[in-house]
Amino acid sequence: MGKINLIVLTALFFGGCAEYLPISGGQIEGVVTPAPQQWGAVAEDKIIQLETNAGKAYSVNLWVVEVSGSLHVFAGDKRANWVEDIEQNPNVRLRAETLIFELEAVRVNDAQEFELFAQAWEAKYGNRPRNENVDETYLYRLRERAN
């Protein structure tokens, strides 16, 4: 079974679907631009790239949803590398197409905001997020960095 998975992943990667795979990388490249007033166009993307930096640039492909005018990224209950980085340094960079937005990630601890997120997630991706206990999951609202 392992060989079949490797073959499928390789085919997806070389077939132009690498952006849909959860492959991590380093520093993202693009044109740094101010955050827009409305995130509609970015929120329509199924996947964005998020770069964290807690000593060394680390980027990952993530699903993103918009809730009440803010973008949200979700790790479920996994304390992934990017979550560890955000816990150390909340400054992140988001790449959508060729644009890069310098933002701050704020962990969501409010059950009502989490429910709005879960509804938006289901509307966009067709299922509710796993583990909906806001105290046990890592949901981040992205906002403009405070200067």
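**Confidence, strands and helix α4 in a predicted model**

Over residues 11–22, pLDDT (the predictor's confidence in each residue, from 0 to 100) stays under 50, and the model has twelve contacts for this stretch beyond four places in sequence; contact here means heavy atoms within 4.5 Å. The structure is a predicted model, in which local features need pLDDT of at least 70 and side-chain atom pairs count only at pLDDT 80 or more, whereas totals for chains, interfaces and linings use all residues. Residues are numbered from 1 along each chain as its sequence is written, and side-chain values use heavy atoms, with hydrogens and water left out. For the protein as a whole, pLDDT averages 85, and 83% of the residues score at least 70.

The secondary structure comes to four helices and seven strands, taken as DSSP runs numbered from the N terminus (helices are H or I with at least four residues, strands are E with at least two). Along the sequence, these elements follow the pattern α-β-α-β-β-β-α-β-β-α-β. Of the 147 residues in the protein, 39% are buried. With a 1.4 Å probe and protein chains only, buried means under 20% relative accessible area, exposed means over 50%, and partly exposed lies in between. Among contacts with a separation of 6 or more, 67% are between residues 24 or more positions apart.

A good place to begin with the strands is β2 (residues 47–53). Five of its seven residues are buried, so β2 is largely enclosed by the rest of the structure. Strand β2 runs antiparallel to β3, and seven bridges join the two; strands are taken to pair if DSSP finds at least two bridges between them. Within this pairing, Ile 48 has Leu 62 of β3 as its bridge partner. The two strands form a hairpin with three residues between them, and Gly 55 in the turn has a positive phi of about 120°. Strand β3 also holds Ser 59, which counts as buried at 5% relative accessibility. The side chain of Ser 59 reaches the backbone oxygen of Gly 26 at 2.7 Å.

Strand β2 is also joined to β5 (residues 91–96), by four bridges in an antiparallel arrangement. Here Leu 50 is partnered by Leu 94 of β5, while Glu 51 stands opposite Arg 93. Strand β5 in turn runs antiparallel to β6 (residues 99–107), with six bridges between them. Leu 94 appears in this pairing too, standing opposite Phe 101 of β6. The hairpin of β5 and β6 has two residues between the strands, and Glu 97 in that hairpin takes a positive phi near 60°.

Helix α4 spans residues 111–125 and reaches 20 Å from its first C-alpha to its last, close to the 21 Å expected for its 15 residues at 1.5 Å a residue; the expected span is 1.5 Å times one less than the number of residues. At the N-terminal end, Asp 110 caps the helix, with a side-chain oxygen 3.3 Å from the backbone nitrogen of Gln 112. Just after the helix, Gly 126 takes a positive phi of about 90°.

The buried residues of α4 are Glu 113, Phe 114, Phe 117, Ala 118, Trp 121 and Tyr 125. Viewed down the axis of α4, these residues fall within an arc of 140°, so they line one face of the helix; the arc is that of the directions from the helix axis to the C-beta atoms. They pack against β3 (57–67), β4 (70–74) and β7 (139–144). On the face turned away from the buried side sit the exposed residues Gln 112 and Ala 123.

The loop between α4 and β7 contains Arg 128, which is partly exposed with a relative accessible area of 28%. Beyond its neighbours within four places in sequence, Arg 128 is in contact with Glu 115, Ala 118, Gln 119, Trp 121 and Glu 122. Its C-alpha lies 9.4 Å from that of Phe 117, with eleven residues separating the two in sequence. The side chain of Arg 128 makes a polar contact of 2.8 Å with the side chain of Glu 115, and one of 2.5 Å with the side chain of Glu 132. A polar contact is a pair of N or O atoms within 3.5 Å; within protein, one must be able to donate a hydrogen and the other to accept it, and residues adjacent in sequence count only if both atoms are side-chain atoms.
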